[in-house]
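Subject: The model we talked about

Hi there,

Here is the structure I promised to pass on. Please open it next to this email, and then read on for what turned up.

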Amino acid sequence: MINEKQILYLLTVAEEHSITAAAKKLFISQPALSRFIREVEDAIGTALFIRERGNLHLTPAGAVYLNGCQEVRQIAQAVKKEIAELTHSQTGKIILGVTPLTGEFVFPAILDAFTQAFPHVELTLREERMNVLDDLVKKGEVDLALVYHSHDPQLAYHFVYENRIYLQLPPTFAFENKSSPTAVGFPTVAPTALAQQPLILLKKGRELREIADHFLATFQLVPPKILETENIHLASKLVSLGKGFTFVPAIFLRDQKPQSTNLYAEIINYPLKRELYCCHRKNAYLTAAEEFLIGKLPQILA
């Protein structure tokens with residue numbers, strides 16, 4: 001019967017599209033991995049992989065088999081968690097998947113409350129790009145993940161936080177007919193305020209960049225200059241130095257010092273926001289510590 005380690009071998013080959021790359025990642029020899037795949041294929045009576053343009057791809061039968069392996073792995077992990085909770089009450093480990101930015105602000109906010117409630121449960125982070133977190137949950141590599149969407153049918157989602165997005169304005173910005181502050185205390189500006197203004201944006205592939213690009217396309221704004229960075233702190237610093245505008249999420253502002261002189265505003269009649277969810281596999285067994293984390297996050301970030 002195929003075991004969890006062998007399932008990992010198949011998943012890695014499917015991800016890497018190469019036995020050589022998979023073997024290197026798994027720290028086993030290429031011949032041993034090739035032999036293992038042949039043995040599985042012989043046992044089920046059909047090929048799992050085909051070679052196309054130099055890469056390995058799953059056959060239809062391989063996709064079915066691998067999906068079944070993932071389900072077996074998930075059941076095994078759930079059973080282990082349930083038994084561990086019965087025999088070792090309130091011990092264990094939770095791996096929380098986050099983006100680096102979300103983790104930076106969420107983890108310090110939740111850690112003390114979690115440690116106090118579950119002193120013998122280890123809470124650790126797995127920091128990855130948003131577009132891979134769902135897959136990590138489905139593969140069982142993380143127990144829970146904080147994501148900004150709720151569309152995968154294999155996952156269950158719990159609302160955590162409405163993360164509004166604001167404009168950070170350079171200190172030289174002059175308001176025309178400065179409006180009354182919004183509910184969060186920020187003034188509003190018209191989209192035209194950004195016409196012919198330089199922008200500092202996160203690099204493409206980041207969700208905040210996609211939101212910014214959609215905003216610019218909606219109002220047909222073409223900045224004369226866009227400076228790109230991977231670091232939202234750097235983007236904010238450059239704005240404070242008068243180098244342009246940027247977009248910052250509310251969760252980023254939670255860490256602002258009281259004496260901060262940074263200027264922020266909302267786009268008039270165009271609220272920018274994204275909703276943060278905590279997700280896990282549907283029908284997965286949740287430990288008391290995981291239930292606590294899911295329930296406490298909205299309270300902590302409210």
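Two residues are in contact when heavy atoms of theirs come within 4.5 Å. With that in hand, take Leu293: setting aside neighbours within four places in sequence, Leu293 is in contact with Ile94, Ile110, Phe114, Leu123 and Leu144. Leu293 belongs to helix 10 and is buried, because its relative accessibility is 0% and the cut-off for buried is under 20%. One of those partners, Ile94, is 199 residues away from Leu293 in sequence, yet their C-alpha atoms are 9.7 Å apart in space.

Before going further, please keep in mind that this is a predicted model. The mean pLDDT of the protein is 86, and 90% of its residues reach 70 or more. Which elements have the lowest and highest mean pLDDT? Helix 4 (residues 60–87) has the lowest, at 77, while strand 5 (residues 144–147) has the highest, at 95. Where pLDDT is low, the predicted coordinates should not be read in detail.

**The overall picture**

The protein has 302 residues, and 43% of them are buried. Its secondary structure consists of 10 helices and 12 strands. Along the principal axes, the C-alpha atoms fill a box of roughly 75 × 50 × 30 Å. If you count the contacts between residues at least 6 apart in sequence, 72% of them join residues at least 24 apart.

**Helices 1, 2 and 3**

You may enjoy the N-terminal helices. Two packed helices are described by the angle between their axes and the distance between the axes, and there are two pairs to describe here.

Let's start with helix 1 (residues 4–16) and helix 3, whose axes come within 11 Å and cross at roughly 105°. An angle from 65 to 115 degrees counts as roughly perpendicular, so helix 1 and helix 3 are roughly perpendicular to each other. On the helix 1 side, the contact is made by Gln6, Tyr9, Leu10 and Val13, and on the helix 3 side by Leu33, Phe36 and Ile37. By class, the contact of helix 1 with helix 3 has 6 nonpolar residues, 1 polar residue and no charged ones.

The second pair is helix 2 (residues 19–26) with helix 3 (residues 30–44), where the axes come within 9 Å and cross at roughly 110°. Helix 2 is therefore roughly perpendicular to helix 3. The crossing of helix 2 with helix 3 is right-handed. Ile19, Thr20, Ala22, Ala23 and Leu26 of helix 2 meet Gln30, Leu33, Ser34 and Ile37 of helix 3. This contact of helix 2 with helix 3 divides into 6 nonpolar, 3 polar and no charged residues. Leu33 and Ile37 of helix 3 appear in the contact with helix 1 and in the contact with helix 2.

**A buried strand residue**

Is Thr124 buried or exposed? Thr124 sits in strand 4 (residues 121–127) and counts as buried, because its relative accessible area of 19% falls under the 20% cut-off. Apart from residues up to four places away in sequence, Thr124 touches Lys93, Ile94, Ile95 and Leu96. Ile94 is also among the contacts of Leu293.

**Exposed residues and loops**

Two loop residues deserve a look for their backbone. Most residues other than glycine have a negative phi. Gln196, however, has a positive phi near 60°, and so does Asn269, with a phi near 60°. Gln196 lies in the loop between strand 7 (188–189) and strand 8 (199–202) and is exposed at 60% relative accessibility. Asn269 is in the loop between strand 11 (263–267) and strand 12 (272–281), exposed at 75% relative accessibility.

His151 is found in the loop between strand 5 and strand 6 (155–169) and is exposed, with a relative accessible area of 58%. Leaving out neighbours within four places in sequence, its contacts are Asp134 and Tyr157. His151 and Asp134 are 17 residues apart in sequence, with their C-alpha atoms 10.0 Å apart.

Finally, back to helix 10 (residues 288–301), which also holds Gln299. Gln299 is exposed, with a relative accessible area of 53%, whereas Leu293 in the helix is buried at 0%. The C-alpha atoms of Gln299 and Val248, 51 residues apart along the chain, are separated by 22 Å.

Happy browsing, and all the best!

Technical notes
Residues are numbered from 1 along each chain as its sequence is written. This is a predicted model: local features need pLDDT of at least 70, side-chain atom pairs count only at pLDDT 80 or more; totals for chains, interfaces and linings use all residues. Side-chain values use heavy atoms; hydrogens and water are left out. Axes are lines fitted to C-alpha atoms, for helices over the stretch in contact, and angles run from 0 to 180 degrees between N-to-C directions. Helices (H or I, at least four residues) and strands (E, at least two) are DSSP runs, numbered from the N terminus. Angles under 35 degrees count as roughly parallel, over 145 as roughly antiparallel, 65 to 115 as roughly perpendicular and the rest as oblique. A crossing is left-handed if the near helix is turned anticlockwise from the far one by less than a right angle, and right-handed if clockwise. Ala, Val, Leu, Ile, Met, Phe, Trp, Tyr, Cys and Pro count as nonpolar, Asp, Glu, Lys and Arg as charged, and the others, Gly among them, as polar. Buried means under 20% relative accessible area, exposed over 50%, partly exposed in between (1.4 Å probe, protein chains only). pLDDT is the predictor's confidence in each residue, from 0 to 100.
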